[in-house]
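Please open the model in your viewer and keep the sequence beside it, since this tour moves from one selection to the next.

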Amino acid sequence: MCGFAGILHKSASRANLEQTVRNMTATLARRGPDAEGLYVRDGIALGHRRLSILDLSPAGAQPMSLGDAGPTLAFNGEVYNFRELRRELKERGRSFRGHSDTEVMLQAYAEWGLLGLRRFEGIFAFALWDPAQKRLVLMRDRLGVKPLFYSQNGGRIVFGSEIKALFAAGEVGTAVDPQALSEYLWYGNAYEDRTIYKSVRSLSPGHWLILEKETSRLEPWWRLEEWLSAPPFGGNRQEATVAVRDAIDGAVKRQLVADVPVGILLSGGIDSSAIAASAVRVQSKRLSSFCVGFDFERGINELPKARRVAEHLGLDHHEIHVGGAGLEDVLVELARAHDEPFADAANIPLFLLARQLRGNVKVVLQGDGGDEMFAGYRRYAILRNAALWKAWPGFLNPLVQFAGSTGKRLVRMAEAAGARDPAMRMALLLTTETLRDPPTALLNREARADIEKSDPFAAYRRCARRFSESNSVQLMLLTDILLQLSSQFLTKVDRATMACGLEARVPLLDEMVVALAVKLPTAWKVSRREKKIILRAALRGRIPDDVLDGPKTGFGVPYEYWLRKPLYGFAREAVMRPGFLNRFGFDQGKLEKAFEEHRSGFRDRGFTLWKILQLALWARECP
């Protein structure tokens, strides 16, 4: 796991290219603290910051080239099937000087060309330069675990693992993308290939951008339909349960491969416990697990559950206690790490944990993806019970609203679940915002009219059309895989961990698991009363029943409370700056009212105010 950057600009001098890529790469030092490498030729420059995990010798250094005139690769991530590919390549006469997956990737391209790149399984983003073909390939993994950003301007393209690397190259515009801003105000992040900047794009998961011979093409090299169109699972539910357990075992086994120790982030929840249970079965060496406890007032304490699982599995368990003091500084640091506004507050505890582990552990396995693969979120159960929610009598809404936050949540869920448009139904289940009181209501009249020209539900409409033949639960699962994973959850994991030089691997998003999970009937995943049915069944006997059958918890981040108490003054000061209000067109009076309503408890405006705070911090700290 590393960071890379590069520039393709035929008219630039070598000296200019070298200085530019050196500036770009320097911004990624925290992603790769172990080494730096540069590759500069006429018209092209690649830079790399290394976090040494596989083949710690100089033979694993990057950018890596096959000979003086062969292809060159700058790569971030891991290819999990590199050993199988290596054996096949050796049988075809290819020789290797080291044992890194990077060299396997280069040899696969040399042997099979672009078709060889399609064979990679893992978490990766990379830039490959082929001097013989004058071809640059930018490529990102299937689900978007690892990031890759780019900006094109005429005959010049700059690219890198983080947006800050692109700005270090100069000549990249900072104008805000109104569609991205609209999505952010509704959900806390932008979707698809959009970033907050008009001129910067995120390479979409499963896509590559190929530039050669004065042409460029952006296209998918893989689509989710490849797995959906495969023959359905042929066994019964019991056989599927065994298959799920075997797939997780296989995924964990190949993701434990490293030349440095690998730890497990253990929350005591089903997903991380599943990974830990597989790990102790596929590796004889005793593994270390880590759980973090925070002194966040009103937060959730996961330490007892994690301790119970660790003792049950015989892990070398470590409990890390982190104080919540200095939250203001943490929020500023995270704003700089993300390079754009990002409102998933779960990045805070993950970042604090990664910071504690920095220098002691380089690789961890963690449980993101289990909810999307096996239907762990409440919204899937709501959709499973859609007929009941649609029968909700609307005349009760004004009465139920007076039942406090629970009543308001019931009304919101009923309105979302009862929406006839499947795109609107999905979108409204993913946010606390409502059509009756949209977040744009806090803008002045001119700014609101301008931003409402954009459609914040456009990405959901595209998914609804793409998977129109799926039932409502399957449609939500597939949409979450395509939208939520890469834009929110995997973004959170990458920025929070790599800001501390920590590689996080996600076995529940391994191709072995996902290709199976998307083919299983939704009735095996969620019922009217139970979620993650088949995953729980697969883990029965491996994990204590009280953990399997306990309520779902996550990192408890009480940002709503913080905005009423310890962060009230900080947030209000950041948001009420005249420059910020004018730039985005927020109505000062409306914001003042929202803060006061939230602080008094009259109305929960927590998510809306949290998003605006993150937007203000980004606007202050980033270009």
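Select Pro63 in this predicted model, and you will find this residue in the loop between β3 (44-50) and β4 (64-65). Turn to the bond that joins Gln62 and Pro63, which is a cis peptide bond with an omega of about -5 degrees. Most residues other than glycine have a negative phi, and most peptide bonds are trans.

Next, select Lys134, which lies in the loop between β6 (122-130) and β7 (135-140); the phi of Lys134 is near 50 degrees, a positive value in a residue that is not glycine. Then move to Glu192 in the loop between α6 (178-187) and β10 (201-202), where phi is again positive, at about 60 degrees, although Glu192 is not a glycine either. Is Glu192 buried or partly exposed? Its relative accessible area is 26%, so Glu192 counts as partly exposed, because buried would require under 20%.

Now select strand β13 (residues 262-265), which is covered on both faces, with Val262 and Ile264 buried on one side and Gly263 and Leu265 buried on the other. In a regular strand the side chains alternate between the two faces of the sheet.

Which strands pair with β13? Add strand β16 (residues 363-365), which is parallel to β13 and paired with it over 3 bridges, and strand β14 (residues 288-294), which also runs parallel to β13 and is joined to it by 3 bridges. Zoom in on Gly263, whose bridge partner in β16 is Val364, while its bridge partner in β14 is Ser288.

Finally, add helix α9 (residues 270-282) to the selection, and follow the right-handed β-α-β unit that β13, α9 and β14 make.

Notes: Residues are numbered from 1 along each chain as its sequence is written. This is a predicted model: local features need pLDDT of at least 70, side-chain atom pairs count only at pLDDT 80 or more; totals for chains, interfaces and linings use all residues. Side-chain values use heavy atoms; hydrogens and water are left out. Buried means under 20% relative accessible area, exposed over 50%, partly exposed in between (1.4 Å probe, protein chains only). Helices (H or I, at least four residues) and strands (E, at least two) are DSSP runs, numbered from the N terminus. Two strands pair if DSSP finds at least two bridges between them. A crossover is right-handed if, with the strands pointing away from the viewer, the path from the first strand over the helix to the second runs clockwise.
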